[in-house]
Amino acid sequence: MTHVVVLGAGRVGGAMARDLATDFKVTVADRSEAALARMREVGLDTRAADLSKPDGVKAAVADADLVVGAVPGFMGFATAKAVLEAGKPLVDISFFDEDCFELDALAKRQNLTAIVDCGVAPGCHNMILGDVSRQWDRITAFECLVGGLPVIRTWPYEYKAGFSPIDVIEEYTRPTRYVKDGKVVVFPALSEPELLDFPGLGTLESFNTDGLRSLIKTFPQVPDMKEKTLRYPGHIEKMRMLRESGFFSKEKIQVGGVAVSPLDLTTALLFPMWFMEEGDEDFTVMRVTVEGEKGGQRMRKELNLLDRYDRATKTTSMARSTGYTCTATVRLLAKGGYSRKGISPPEFVGQQPGAWDFIREDLARHGVVFTEG
């Protein structure tokens with residue numbers, strides 16, 4: 001049986017491990033004994049590993065046939081590099097800041113397939129664009145609106161993090177790149193707010209985040225591309241106030257003669273408020289729109305997702321939509337449905353005939369359903 005090692009036993013990593021265990025031998029690696037204990041409670045094999053060190057990663061994956069990366073973004077690049085150096089294929093959801101193609105030569109030297117950014121967004125929207133691009137003559141515009149939110153709005157932030165909170169703050173500070181009239185333009189994160197209505201949810205606000213990632217490089221022929229994050233109205237202003245006041249800065253300041261990082265203080269205060277407790281319900285909303293031409297005709301495709309917390313399995317929607325995209329891709333690889341060597345962002349997977357259909361069907365089997373707009 002194929003042995004899959006999942007690196008990271010957090011909320012999303014744990015959900016992926018449980019799902020993969022229905023088809024594969026699975027081992028979960030993490031340095032947190034509490035997280036590993038939760039995995040053992042549901043019958044999974046575990047191993048203690050310091051994934052912040054390359055040697056720790058390589059030891060953790062030594063007997064793996066395939067590796068799933070689910071570490072926080074700031075660890076993602078180094079972890080992926082260590083996995084490839086260990087000679088293991090990889091499907092990763094860490095969403096690291098570095099250019100994934102810096103690892104392309106290494107993956108090809110090792111004759112390995114490595115799929116990165118393989119979540120819901122980035123992830124599904126890349127696959128959708130890749131799938132449409134192989135069927136149409138030309139893509140003229142692409143937009144993705146996406147957000148994960150708690151069902152219950154609690155003052156003051158009306159937000160809880162369905163994935164690593166430090167990666168959420170990164171979304172609020174990293175400059176935003178999108179494509180307009182064929183040119184890459186850069187705006188601050190949290191800019192260009194819009195109020196939008198969604199059936200069954202009401203009004204949400206959208207703002208720029210750096211979610212296009214690899215699409216800027218892999219689809220230079222598309223003249224207009226944009227990705228925006230969704231939150232409850234009012235969230236943007238609160239985050240901008242914190243950012244502009246310096247609370248997200250990593251530069252240390254002197255407080256009472258002690259050097260303190262404002263970001264460390266902010267995370268210590270915010271994260272307990274943003275932490276999703278057991279039973280906290282959330283939802284994931286997503287709207288992907290692609291416009292273009294085929295056979296001289298103007299084309300438009302819209303796919304919508306509204307996924308909710310699974311009460312039966314106590315799995316958050318963000319873990320479901322992100323994690324099950326990744327596990328579906330693992331199944332695709334295991335069945336031989338994708339074999340390109342080197343680094344593959346999800347749009348490359350989408351360009352493989354039948355790949356997005358397979359992943360969409362696997363998601364639907366879990367109740368994560370994309371509908372036509």
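A UniProt annotation, as used here, carries positions in the numbering of this chain, has a shortened feature name, and may be inferred rather than shown by experiment. With that in mind, the UniProt record (an unreviewed entry) places "domain: Saccharopine dehydrogenase NADP binding" over residues 4-115. The model itself is predicted. Over residues 4-115, helix makes up 40% of the chain and strand 21%. The C-alpha atoms at the two ends of this stretch sit 15 Å apart.

Zooming out to the whole protein, there are 13 helices and 18 strands to keep track of. How compact is the protein, given its 373 residues? Its radius of gyration comes out at 20 Å, close to the 21 Å that the globule rule gives, so the protein is as compact as a globular protein of that length. Put a box around the C-alpha atoms, lined up with the principal axes, and the box is roughly 55 × 55 × 40 Å.

Now for a pair of helices. Helix α1 spans residues 11-20 and helix α11 spans residues 317-334; the two pack with their axes 9 Å apart, at an angle of about 45°. An angle of 35 to 65 degrees is neither roughly parallel nor roughly perpendicular, so α1 counts as oblique to α11. As for handedness, α1 and α11 make a right-handed crossing. On the α1 side, the residues in contact are Arg-11, Val-12, Ala-15, Met-16, Asp-19 and Leu-20. Facing them from α11 are Ala-319, Thr-322, Gly-323, Tyr-324, Cys-326, Thr-327, Val-330 and Arg-331. Sorted by class, the contact of α1 with α11 is made up of eight nonpolar, three polar and three charged residues.

Finally, a few spots in the backbone deserve a look. Most peptide bonds are trans, and most residues other than glycine have a negative phi. Where does the chain depart from that pattern? The loop between β6 (113-115) and α6 (124-133) is one place to check, and Pro-122 lies in it. The peptide bond leading from Ala-121 into Pro-122 is cis, with omega near 0°. Asp-117 lies in the loop between β6 and α6 too, and although Asp-117 is not a glycine, its phi is positive, at about 55°. Further along, Trp-155 and Pro-156 are joined by a cis peptide bond, this one with an omega of about 10°. Pro-156 belongs to the loop that runs between β7 (138-150) and α7 (165-173).

Technical notes
Residues numbered from 1 in each chain as written. Predicted model: local features only at pLDDT ≥ 70, side-chain atom pairs only at ≥ 80, totals over all residues. Heavy atoms only, no water. Helix = DSSP H or I, 4+ residues; strand = E, 2+ residues; numbered from the N terminus. Axes fitted to C-alpha atoms, helices over the stretch in contact; angles between N-to-C directions. Parallel < 35°, antiparallel > 145°, perpendicular 65-115°, else oblique. Left-handed = near helix turned anticlockwise from the far one by under 90°. Contact = heavy atoms within 4.5 Å. Nonpolar A, V, L, I, M, F, W, Y, C, P; charged D, E, K, R; others polar. Rg over C-alpha atoms; globule rule 2.2 N^0.38 Å.
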